[in-house]
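Hi there,

Here is the structure I promised to send over. Have a look at it first, and my notes follow below.

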Amino acid sequence: MIKKILLAIIVALPATVFAQKFGTVNADAILQAMPEVTAMQTTISEASKKYEDEFSKLQEEMQKKITEYQTLEKDTTTPDALKERRMQDIQELDNKIQQFRNTASMDLQRQQQQLMAPIEQKVTDAIKAVGQEGSYTFIFQDGMALFAGSTVEDVTPAVKAKLGLK
């Protein structure tokens, strides 16, 4: 009896292994085709432009203070305390510029992550739907597999169709 069960398992096991269906998907190509990504990039570019404009103003202010300091430095009648105060102002402005640069960079990254999260979720949901509809065992990101046999299907067109993309 045990031999018959083992024989049945041995015979059935390869059938279940070979019955598995695998697919690949190129998520980057899907994301590039999505209008939501273009809108997100436009939003980030506009925010970046505003930060660049503010940064330019800070740099102009810095250049103005440096020019004033250089003028004071050449003037031998200017007290050293005044020169030191102007140098402190320049250093404080430099610190302000560095802090602004860091804050702007972090804010742009945060905005991009917030805007990209629903888009990535939409693509993930579409890939899952295609996987369930097509009875796939696994769908791999294109380019991650070291080998893809002839039975592996590229489901990128199906996911694009699910999202209404061309």
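Which residue follows α5, and what is the sign of its phi? The residue is Gly164, and its phi is positive, near 80 degrees. Please keep in mind that this is a predicted model.

Let me stay with α5 for a moment. The helix covers residues 156-163, and Thr156, Val159, Lys160 and Leu163 are buried in it. Looking down the axis of α5, these buried residues fall within an arc of 100 degrees, so they line one face of the helix. Pro157 and Ala161 are exposed, and they sit on the face of α5 turned away from its buried side. As for partners, the buried residues of α5 pack against β1 (22-25), α2 (27-33), α4 (80-133) and β3 (153-154).

Now for the nonpolar cores. The largest one has 18 residues, and those touching the most other members are Ile30, Met34, Val159 and Leu163. Two or more residues come from each of α2, α3 (35-74), α4 and α5, with α4 giving the most, six residues.

Ile30 is a good place to start if you want to explore the model on screen. Beyond its neighbours within four places in sequence, Ile30 is in contact with Thr156, Val159, Lys160 and Leu163, and also with Val25, Val123 and Leu165. Apart from the largest core lies another core of eight residues, including Leu58, Met62, Ile90 and Leu93.

Happy to go through any of this together.

Best wishes

Note on methods: Residues are numbered from 1 along each chain as its sequence is written. This is a predicted model: local features need pLDDT of at least 70, side-chain atom pairs count only at pLDDT 80 or more; totals for chains, interfaces and linings use all residues. Side-chain values use heavy atoms; hydrogens and water are left out. Buried means under 20% relative accessible area, exposed over 50%, partly exposed in between (1.4 Å probe, protein chains only). Helices (H or I, at least four residues) and strands (E, at least two) are DSSP runs, numbered from the N terminus. The arc is that of the directions from the helix axis to the C-beta atoms. Contact means heavy atoms within 4.5 Å. A nonpolar core is a set of buried Ala, Val, Leu, Ile, Met, Phe, Trp, Tyr and Cys residues joined through side-chain atoms within 4.5 Å.
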